[in-house]
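Welcome, and thanks for opening this report. Please have a look at the sequence and the structure shown here before reading on.

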Amino acid sequence: MPRDRILILGGTRDAREIANALVESGRTVVTSIAGVTAQPLLPAGEVRIGGFGGVSGLKSYIESSQIALVIDATHPFAARMSAQAFEACRDCGVLLLRFSRAPWLAGEGDRWTVAAFAAEAASILPPGARVLLTSGRKDLDPFFARTDVWGLARMIEEPPLSPPCNWTILRERPPFTILGERALMSRNAITHLVTKNAGGSATEAKLQAARELGIPVVMIARPAKPEVASFGTLDTLMVVVEGVLSP
C-alpha cells in the first residue's frame with residue numbers, strides 16, 4: 001500500500017470542509033472523530049470513530065494505515081489530542097499540519113473579561129447573575145457548583161452529569177443567528193455570557209448579540225498547543241497539502 005493517505009483529526013466543521021475538499025481533489029482521506037456526539041455530521045471519505053489509545057495507539061495507526069500526512073483540525077480547546085498528534089507524528093517522521101481558525105477579538109463596545117480556564121470563569125460571575133453558558137459539555141462542575149446564580153447551559157449533547165435545579169440545559173446545534181441570540185438572551189434576562197474562544201463564524205453571533213445588549217462576556221482563553229505549521233484558511237492549507245503530496 002503506497003503511503004499516500006491523509007489522516008484528519010476532526011470532529012469540527014473545519015475538519016468536514018477540509019475532508020470534503022481533499023476528497024473532491026482526488027485525495028484518499030480518513031477523518032478521525034472522538035465519537036462523543038451521538039449523531040455527528042460526517043465528512044466525505046473514510047471516517048474512523050473512537051480514540052486511538054494515546055500516543056502509542058496513534059503511532060501504530062499511522063504506520064499500519066500508511067498515513068503520509070496528518071492534519072490536526074480538532075477544536076481549538078482539544079489540547080490533549082493536539083499534543084498526542086505532535087508526539088506521534090514526530091516519532092513516526094510524518095508531517096503534521098494544523099488548521100487553526102482565528103480567535104475572536106474584543107472590539108469596540110465589547111465588555112470582555114478573559115479567564116484562563118473554566119474554574120476561573122465561574123469564579124468571575126457575580127452572585128445573582130443570569131448566565132448563558134456556551135462552553136460545551138465539559139468542565140461544567142465549577143459552574144454547576146454556583147448555587148447563587150441562574151444558568152442556561154447550551155450544548156449539542158446531554159452533559160455527563162445532571163444539572164442542579166438552578167441550571168437548565170438547552171440542546172441546540174450551530175450555526176446561530178444574531179436575531180436568534182438576541183431573542184434568547186432577552187427572553188431569559190441574561191446578564192452574563194460565558195464562552196470559550198473557539199473562533200469561527202458558526203457561533204460568533206452570540207458575541208454580537210451580547211455587544212448590542214450590553215451584556216458582559218467572560219471569555220475562556222485557548223490552551224497552549226505544540227508549535228507546528230498552522231493555517232487559517234482552507235485555500236492556503238490545500239496549496240500546502242498539494243505541494244507536500246504531489247510527486
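What follows is a tour of two sheets, the helices that pack on them, and one arginine. The model is a predicted one.

**The sheet with strand 1**

Let us begin with an open sheet of six strands, whose order is 3-2-1-4-5-12 and whose pairing is parallel. At its edges stand strand 3 (46-49) and strand 12 (229-231); each has a single partner strand, so one side of each is left without a neighbour in the sheet. On average, neighbouring strands here are turned by 25 degrees against each other, direction ignored.

Within this sheet, strand 1 (residues 5-9) and strand 2 (residues 28-33) run parallel and are joined by five bridges. If you would like a residue pair to look for, isoleucine 8 stands opposite threonine 31 of strand 2. Helix 8 (residues 234-245) packs on the sheet, where it touches strand 1, strand 4 (67-72), strand 5 and strand 12. The direction of helix 8 makes about 170 degrees with that of strand 5.

**Helix 1 against helix 8**

Helix 8 also has a helical partner. In general, two packed helices are described by the angle between their axes and the distance between the axes. For helix 1 (residues 13-24) and helix 8, the angle is about 45 degrees and the axes are 11 Å apart. The two helices are therefore oblique to each other, and their crossing is right-handed. Helix 1 brings Glu17, Ile18, Ala21 and Leu22 to the contact, while helix 8 brings Leu234, Leu237, Met238 and Val241.

**A closer look at arginine 98**

Arginine 98 lies in strand 5 (residues 95-99). Is this residue buried or exposed? Its relative accessible area is 8%, and the cut-off for buried is under 20%, so arginine 98 counts as buried.

What does its side chain reach? At 2.9 Å there is the backbone oxygen of proline 226. A polar contact of 3.5 Å also joins the side chain of arginine 98 to that of aspartate 72. Leaving aside neighbours within four places in sequence, the residues in contact with arginine 98 are Asp72, Ser82, Lys225, Pro226, Val228, Ala229, Ser230 and Phe231.

**The sheet with strand 7**

Now for another open sheet of six strands, with the order 6-11-10-7-8-9 and parallel pairing. Strand 6 (112-115) and strand 9 (167-171) are the edge strands, and each pairs on one side only. Neighbouring strands of this sheet are turned by 20 degrees against each other on average, direction ignored.

Two helices can be placed against this sheet. Helix 6 (residues 178-187) packs on it and touches strand 7, strand 8, strand 9 and strand 10; the direction of helix 6 makes about 155 degrees with that of strand 8. Helix 7 (residues 205-213) packs on the sheet too, touching strand 6, strand 7, strand 8, strand 10 and strand 11, and its direction makes about 155 degrees with that of strand 10.

As general background, strands of a sheet pair through backbone hydrogen bonds, either parallel or antiparallel. The table lists strand pairs from this sheet, with a residue pair for each.

| Strand pair | Sense | Bridges | Residue pair |
|---|---|---|---|
| Strand 7 and strand 8 (residues 150-155) | parallel | four bridges | valine 131 opposite glycine 151 |
| Strand 7 and strand 10 (residues 192-196) | parallel | four bridges | leucine 132 and leucine 193 |
| Strand 6 and strand 11 (residues 217-220) | parallel | four bridges | valine 114 opposite methionine 219 |
| Strand 10 and strand 11 | parallel | four bridges | threonine 195 and methionine 219 |

Methionine 219 is worth finding on screen: it stands opposite valine 114 and is also the bridge partner of threonine 195.

**How covered are strands 7 and 10?**

Why can strand 7 (residues 130-134) be called largely enclosed by the rest of the structure? Four of its five residues are buried, so the description fits. For strand 10, five of its five residues are buried, and the strand is mostly covered. Both faces of strand 10 are covered: one side carries His192, Val194 and Lys196, the other Leu193 and Thr195, and all are buried. Leu193 is the bridge partner of leucine 132, which makes a handy place to finish the tour.

Methods:
Residues numbered from 1 in each chain as written. Predicted model: local features only at pLDDT ≥ 70, side-chain atom pairs only at ≥ 80, totals over all residues. Heavy atoms only, no water. Buried < 20%, exposed > 50% of the residue type's maximum accessible area, 1.4 Å probe, protein only. Polar contact = N/O pair within 3.5 Å; in protein donor to acceptor, adjacent residues only side chain to side chain. Contact = heavy atoms within 4.5 Å. Pairing = 2+ DSSP bridges. Axes fitted to C-alpha atoms, helices over the stretch in contact; angles between N-to-C directions. Parallel < 35°, antiparallel > 145°, perpendicular 65-115°, else oblique. Left-handed = near helix turned anticlockwise from the far one by under 90°.
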